[in-house]
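Work through the exercises below with the sequence and the model side by side. Try each task before you read its solution.

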Amino acid sequence: MSITINPTSNAGAYISGIDLNDVTVDDVEKIKAALGNYGVAFFRDQSITSENHIAFANCFGAIDINRFFTPLDDYPQIAQVLKEPEHDSNIGENWHTDHSYDQIPALGSILVARELPVSGGDTLFINMFAAYDALSPEMKSKLEGLTATHSSRHVFGGKDNTGRLKNSENATQDAIHPVVIRHPFSDKCALYVNPEFTVKVNDVAQTESEALLNSIYAHIQQPEFMHRFEWLDGSVAFWDNRATWHKALNDYPGQRRLMHRITVQGVALHG
Ligand code: OGA
Ligand code: MN
């Protein structure tokens, strides 16, 4: 089998000719390069076991156990991303980047489809390299050197712990990152602010921070930078948090959707 990388015109690349139960060192290098250039790796027709989900994740770094998500009983490294028929809300409905509230944000997550609704439940991704590249030269120089504060308090803090989230009392820490980062795998520039967890651009007035974030967010949400990933049985998506935003559509009322997620640890980010 030989691995083939097919980049989309917007966000991510489809990777074929690979069995995720049995990856080689060369496959891992190619997937890292795809993440560093396109932001997400999409796979079809996989039959990855939970053991091999863990083994695959370990090829990219140590596993980061999310403190807010409920793990599987048998595999504490695997978080359940679950919506039951009786749930109204889902996980990840607003545009976001996972873990930007951590001082060392996670590299990314490997999400495996386990039970899908008959239709609906797609995930949207936006390419933060493409969004950065399309900024005007004036905007690029305005953003250079700026940092922003990220927090999980307003999202996970104070939530009832009986549901799909746990440890809401741990939603206490904030983190500061550059507004434009250089991707650890490719050194490419990417925008690193997101509507869910970024609370403020530092060292500017609150009104200016709001205006700046709103204008960046409007620019980012252009269809040209966006990919809509349809989940099929056997689909796997591996997104890089340093290069993408994502959003889980909540358009399958009364149906169950179960995904298994492993998050891989990242590194400190630099501008
Ligand atoms: C996540 C998430 C998207 C989805 O697991 O972080 O946002 O489509 N999930 O379930
Ligand atoms: Mn998410």
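**Exercise 1. Decide whether D98 and H246 are buried or exposed, then place them at the metal site.**

Step 1. D98 has 6% relative accessibility, so this residue counts as buried. Buried means under 20% relative accessible area, exposed over 50%, and partly exposed in between, with a 1.4 Å probe and protein chains only. H246, at a relative accessible area of 5%, is buried too.

Step 2. The model is predicted: local features need pLDDT of at least 70, side-chain atom pairs count only at pLDDT 80 or more, and totals for chains, interfaces and linings use all residues. Residues are numbered from 1 along each chain as written, chains are lettered from A and ligands numbered from 1 in the order written, and side-chain values use heavy atoms, without hydrogens and water.

Step 3. Find the donors of the manganese ion (ligand 2). They are H96 (NE2), D98 (OD) and H246 (NE2), at 2.1 to 2.2 Å. Donors are N, O and S atoms within 2.8 Å of the metal (3.2 Å for Na, K and Ca); water is not among the atoms, so sites may look incomplete.

Step 4. Read the spacing along the chain: H-x1-D-x147-H. D98 sits in the loop between β4 and β5, and H246 in strand β14 (residues 244–248), so numbered from the N terminus. The two are 148 residues apart and link distant parts of the chain. Strands here are DSSP runs of E, at least two residues; helices are runs of H or I, at least four.

**Exercise 2. Find which residues of helix α2 are buried and what covers them.**

Step 1. Helix α2 spans residues 50–58, and its buried residues are S50, H53, I54, F56 and A57.

Step 2. Look down the axis of α2. The buried residues fall within an arc of 160 degrees, so they line one face of the helix. The arc is taken from the directions that run from the helix axis to the C-beta atoms.

Step 3. Identify the cover. It includes α1 (25–38), β3 (40–43), β5 (108–115), β13 (236–240) and β15 (257–264). Contact means heavy atoms within 4.5 Å.

**Exercise 3. Compare G234 and D233: which is buried and which is exposed?**

Step 1. G234 lies in the loop between β12 (226–229) and β13. D233 has its place in the loop between β12 and β13.

Step 2. G234 counts as buried, at 18% relative accessibility. D233 is exposed, with a relative accessible area of 65%.

Step 3. Check the partners. Leaving aside neighbours within four places in sequence, G234 is in contact with F43, R44, D45 and Q46. D233 and Q46 are 8.2 Å apart, C-alpha to C-alpha, and 187 residues apart in sequence.

**Exercise 4. Describe the lining of the second largest pocket.**

Step 1. Its volume is about 180 Å³. A pocket is an open set of points on a 1 Å grid over the protein atoms alone, with protein on both sides within 12 Å along at least five of seven lines; lining residues have an atom within 4 Å of a point. Points are joined across faces, edges and corners, and the volume is the space filled by probe spheres set on them.

Step 2. Of the 13 lining residues, L143, E144, G145, V180 and G271 are the closest to the centre of the second largest pocket.

Step 3. Strand β9 gives the largest share of this lining, 3 residues.

Conventions
1 Å grid on protein atoms, 1.4 Å probe; cavity = no way out; pocket = protein on both sides within 12 Å on 5 of 7 lines; lining within 4 Å. Nonpolar A, V, L, I, M, F, W, Y, C, P; charged D, E, K, R; others polar.
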